[in-house]
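Dear colleague,

I am handing over the structure we spoke about, and I would be glad if you could keep it open beside this message while you read.

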Amino acid sequence: MLAAMTEQTETRKQRAARRAGEFPPAPEPLPVPVLDSHTHLDITVGEFGTPPGGSPGDDPVAAAIDVAARAGVDRLVQVGVDVGSSRWSADVADRYAPVLATVALHPNEAPRLADLDEALREIETLAGRDRVRGVGETGMDFFRTGDEGRAAQEESFRAHIAIAKRHGKALVIHDRDAHADVLRVVDDEGSPDTVVMHCFSGDADFARECVRRGFLLSFAGTVTFGSAAALREAAAVTPPEQMLVETDAPYLTPMPYRGRPNASYLIPLTVRFLAETTGTDLDELCATISATGDRAFGPW
């Protein structure tokens, strides 16, 4: 009998492995709706399907949007990372009213391209579409790209800055282990009217430099991680009117669900954490983030 029970009982490790591919349960909805300023619906629904509360038979994008809306996340910014996903993002924004798009070549994509100039021409064309409201994610990534790819990465970044300025669109920056170089390039080129630091990853000093330049700092689920004390200090010195929140779904799922698939409906976990960390009233923070999102990307 005991042997049979042992065979039927999941170990903690087995349960964790099984649940790693499952979406977490829906959190309590936010009292005031906010946006998800950076998500990858194509990867999320393509790899993990429909979030909880949506029928597997539904249009998966429509279901993801609906599940997010029920959690108090009523607008999404769908982000392109190469020509193909940028086209998809622009098309999805045309089809679904709660979605706007950004288009770009990811900084780790640029060094791999046989014809960077042609890819940039494609991004320029897409940036002219009405419901494409940002150019990004572009920037610099010294974690995954070595010295041999950094010249192409910087060339691409400079070109994206120019595209954003020509079209009057927000610049959405990916910055990984490249804080000083990102600021150097933006200062050199001159920034567009709106700059969003996607998945902000710096400390309080870097946050102050970005705030001083008028940038918007978008915080992801990483701010909830136990090891992210410096990131929480950065959030504490960021004025609420320069703060956004994002999922970067399906990545960077906030605690206590780190390691499981992320989606826009989980934004309330990060927003509530930021409200507690910064000592800000939750309703006020939601309203401020919402207004900042409209200022950066809107109107929807």
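What follows is a short account of what was found in it, taken region by region.

Please bear in mind throughout that this is a predicted model.

**The annotated residues**

A good place to begin is the UniProt record, an unreviewed entry, which places the feature "binding site" at H38, H40, E137 and D248. These positions are spread over 211 residues of sequence, and yet they cluster in space, with a largest C-alpha distance of 11.0 Å. Of these residues, H40, E137 and D248 are included in the lining of the largest pocket.

Taking E137 in turn, you will find this residue in strand β4, which covers residues 132-141. Is E137 buried or exposed? With a relative accessible area of 3%, E137 is buried, because the cut-off for that word is under 20%. Its side chain is joined to the side chain of H40 by a polar contact of 3.3 Å, so that two of the positions named in the record are linked in the model.

D248, by contrast, has its place in a loop, the one between β8 (243-245) and α11 (267-278). D248 is buried as well, with a relative accessible area of 10%. Leaving aside residues up to four places away in sequence, D248 touches H38, H40 and H198, and H38 and H40 also carry the "binding site" feature in the UniProt entry.

**The largest pocket**

The largest pocket, to which three of those residues contribute lining, has a volume of about 890 Å³. Its lining is made up of 33 residues, and those that lie nearest its centre are H174, R176, C199, D248 and L252. If you wish to trace the lining by element, β4, β5 (170-176) and α10 (229-236) each supply at least two residues.

**Helix α3 and its two sides**

Helix α3 spans residues 41-48, and its buried residues are L41, T44 and V45. Why do they lie on the same side of α3? They cover an arc of only 80 degrees around the axis, which puts them on the same side of the helix. This agrees with a general rule: an α-helix has 3.6 residues a turn, so residues three or four places apart point the same way. The face turned away from the buried side of α3 carries the exposed residues G46 and E47. What covers the buried residues includes β1 (34-39), α4 (60-70), β2 (73-79), α5 (83-95) and β3 (99-103). Just after α3, G49 takes a positive phi of about 85 degrees.

**An enclosed space and a buried serine**

The structure also holds 1 cavity of 30 Å³ or more, and about 60 Å³ of space lies in the largest cavity. Among the residues that line this cavity are L41 and T44, together with T39, P51, A64, A68, L76 and A249, and the elements that give two or more residues to the lining are α3 and α4.

Finally, in helix α5, which is part of what covers the buried residues of α3, you may wish to look at S86. This residue is buried, with a relative accessible area of 0%. Not counting residues up to four places away in sequence, S86 touches G80, V81, V103, A104, I123 and L126.

With best wishes

Terms used: Residues are numbered from 1 along each chain as its sequence is written. This is a predicted model: local features need pLDDT of at least 70, side-chain atom pairs count only at pLDDT 80 or more; totals for chains, interfaces and linings use all residues. Side-chain values use heavy atoms; hydrogens and water are left out. Buried means under 20% relative accessible area, exposed over 50%, partly exposed in between (1.4 Å probe, protein chains only). Helices (H or I, at least four residues) and strands (E, at least two) are DSSP runs, numbered from the N terminus. The arc is that of the directions from the helix axis to the C-beta atoms. Contact means heavy atoms within 4.5 Å. UniProt positions are given in the numbering used here, feature names are shortened, and annotations may be inferred rather than shown by experiment. On a 1 Å grid over the protein atoms alone, a cavity is a set of points where a 1.4 Å probe fits but cannot get out, and a pocket is an open set with protein on both sides within 12 Å along at least five of seven lines; lining residues have an atom within 4 Å of a point. A polar contact is a pair of N or O atoms within 3.5 Å; within protein, one must be able to donate a hydrogen and the other to accept it, and residues adjacent in sequence count only if both atoms are side-chain atoms. Grid points are joined across faces, edges and corners, and a volume is the space filled by probe spheres set on the points.
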